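Got the viewer open and a selection box ready? Here's a walk around the fold, one pick at a time.

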Amino acid sequence: MAKEQGQERGQEQNRGGETEGVSEWKQRAPYKVHDKAEGFDVKYEANCHCGKVQYQLSRAEPLDSKLCHCTTCQTQHAAPFQWAAIFHKEDINFSHGHHDLEWYDPTDKSIEHKLPCKVRCSYCHSPIMDEGRNMILLFPSLIHLKTDEDKAAFKPRCHMFYGQRVMDVPDGLPKWSGLSNDSDLIEDSPPELVKERERKREEERAKKFEKGENE
Ligand SMILES: [Zn+2]
Ligand SMILES: [Zn+2]
């Protein structure tokens with residue numbers, strides 16, 4: 001038992017390696033645990049599969065909700081695509097088990113806490129979130145969405161990395177070949193969005209031409 005605790009402390013040190021102190025990461029968003037006096041306004045509750053990690057959200061509607069078809073998400077989630085809802089780091093409060101987390105940085109294939117990284121429950125390994133430099137991407141499958149209104153707020157708004165998909169999803173939503181707003185709209189994306197995108201491209205080309213930057 002004592003040995004186990006020692007190992008745990010050692011691990012914790014590794015995890016805090018990118019930050020100042022052993023547990024410094026616990027003091028700041030998104031890991032900061034709010035005390036009651038701070039009046040964290042709870043809109044949703046969520047938990048991992050085993051229930052060791054529990055969190056609350058103070059924002060009723062995510063900033064965005066997307067389906068990602070990239071091969072990293074496919075592998076990391078063992079699923080054809082990933083469903084993620086974007087929140088500010090201040091919107092989350094871990095009510096239980098925020099020390100029962102493990103990290104994985106898919107770029108360096110490292111388990112140190114380096115951003116951006118994947119965050120999982122260290123017991124049941126359910127994916128909890130992707131922690132970016134400024135935002136967090138939460139997985140709505142873990143959130144208790146009770147009303148139709150709740151579900152509508154989290155409904156996916158677009159597909160990204162659709163070029164890497166393993167299956168078609170003909171739902172009429174915008175489909176980006178790569179990153180959203182930074183690639184081509186493909187397949188059954190709404191025609192008016194495709195036209196708007198082309199208009200913007202044409203404008204950019206014209207601007208470049210004026211500046212003499214055209215090839
Ligand atoms: Zn768990
Ligand atoms: Zn992805």
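## First stop: a small sheet

Glu45 sits across from Gln56, a residue of β2. Select that pair to get your bearings, and keep in mind that this is a predicted model. Now widen the selection to β1 and strand β2 (residues 54–57): they run antiparallel and are joined by 4 bridges. Add β5 and you have an open sheet of 3 strands, ordered β1-β2-β5, with antiparallel pairing. β1 (44–47) and β5 (92–96) are at the edges with a single partner strand each, so one side of each has no neighbour in the sheet. From one strand to the next, the twist averages 30°.

## Zoom out and colour by confidence

Show the whole protein chain as a cartoon. There are 4 helices and 10 strands to find, and along the sequence they follow the pattern α-β-β-β-α-β-β-β-β-β-β-α-β-α. Of the chain's 215 residues, 25% count as buried. If you like contact maps, take the contacts between residues at least 6 apart in sequence: 49% of these join residues at least 24 apart.

Next, colour by pLDDT. The mean for the protein chain is 88, and 88% of the residues reach 70 or more. Residues 1–20 stand apart from that, with pLDDT below 50; this stretch has 21 contacts in the model beyond near neighbours in sequence. Where pLDDT is low, predicted coordinates shouldn't be read in detail.

## The seven-strand sheet

Hide the helices and look for the other sheet. Here 7 strands form an open sheet with mixed pairing, in the order β6-β7-β8-β9-β4-β3-β10. Its edge strands, β6 and β10, each pair on one side only. Ignoring direction, neighbouring strands of this sheet are turned by 30° against each other on average. As a reminder, strands of a sheet pair through backbone hydrogen bonds, either parallel or antiparallel.

Now pick β7. Is strand β7 (residues 117–121) enclosed or in the open? It is largely enclosed by the rest of the structure, because 5 of its 5 residues are buried. Show the side chains and check both faces: Cys117, Val119 and Cys121 are on one side, Lys118 and Arg120 are on the other, and all are buried.

Then check what β7 pairs with:

- Strand β6 (residues 101–104) pairs with β7 in the antiparallel sense over 4 bridges, and Glu102 has Arg120 as its bridge partner in β7.
- Strand β8 (residues 127–131) also pairs with β7 in the antiparallel sense, over 4 bridges. Look for Arg120 opposite Pro127 of β8, and for Cys117 with its bridge partner Glu131.

Before you leave, click on His125. The hairpin of β7 and β8 has 5 residues between the strands, and there His125 takes a positive phi near 65°.

## Into the core

Switch to side chains and select Cys68, Ile128 and Leu138. These have the most contacts inside the largest nonpolar core, which has 34 residues. In soluble globular proteins, nonpolar side chains tend to be buried together. Centre on Leu138 and bring up what it touches: Ala84, Ala85, Phe87, Met129 and Ile143, leaving out residues up to four places away in sequence.

## A buried residue in a loop

Jump to Tyr162, which you'll find in the loop between β10 (158–160) and α4. Is Tyr162 buried or exposed? Tyr162 counts as buried because it has 27 C-beta neighbours inside 10 Å, where the cut-off is 20 or more. Try a distance label from its C-alpha atom to that of Cys68: the two are separated by 7.3 Å, though the residues are 94 apart along the chain. For the rest of the surroundings, select His69, Lys175, Trp176, Ser177, Ile186 and Glu187, which Tyr162 touches once residues up to four places away in sequence are left out.

## Last stop: helix α4

Finish on helix α4 (residues 191–211). At 1.5 Å a residue, its 21 residues should span 30 Å, and the end C-alpha atoms are 31 Å apart, which agrees. How many of the 21 residues of α4 are buried? The number is 0, so α4 lies largely in the open. Step just past the helix to Gly212, which follows α4 and has a positive phi, near 75°.

Note on methods:
Residues numbered from 1 in each chain as written. Chains lettered and ligands numbered in written order. Predicted model: local features only at pLDDT ≥ 70, side-chain atom pairs only at ≥ 80, totals over all residues. Helix = DSSP H or I, 4+ residues; strand = E, 2+ residues; numbered from the N terminus. Expected span 1.5 Å × (residues − 1). Buried ≥ 20, exposed ≤ 12 C-beta atoms within 10 Å, placed from the backbone. Pairing = 2+ DSSP bridges. Axes fitted to C-alpha atoms, helices over the stretch in contact; angles between N-to-C directions. pLDDT = per-residue confidence, 0-100. Contact = placed C-beta atoms within 7 Å. Core = buried A, V, L, I, M, F, W, Y, C linked by C-beta atoms within 7 Å.
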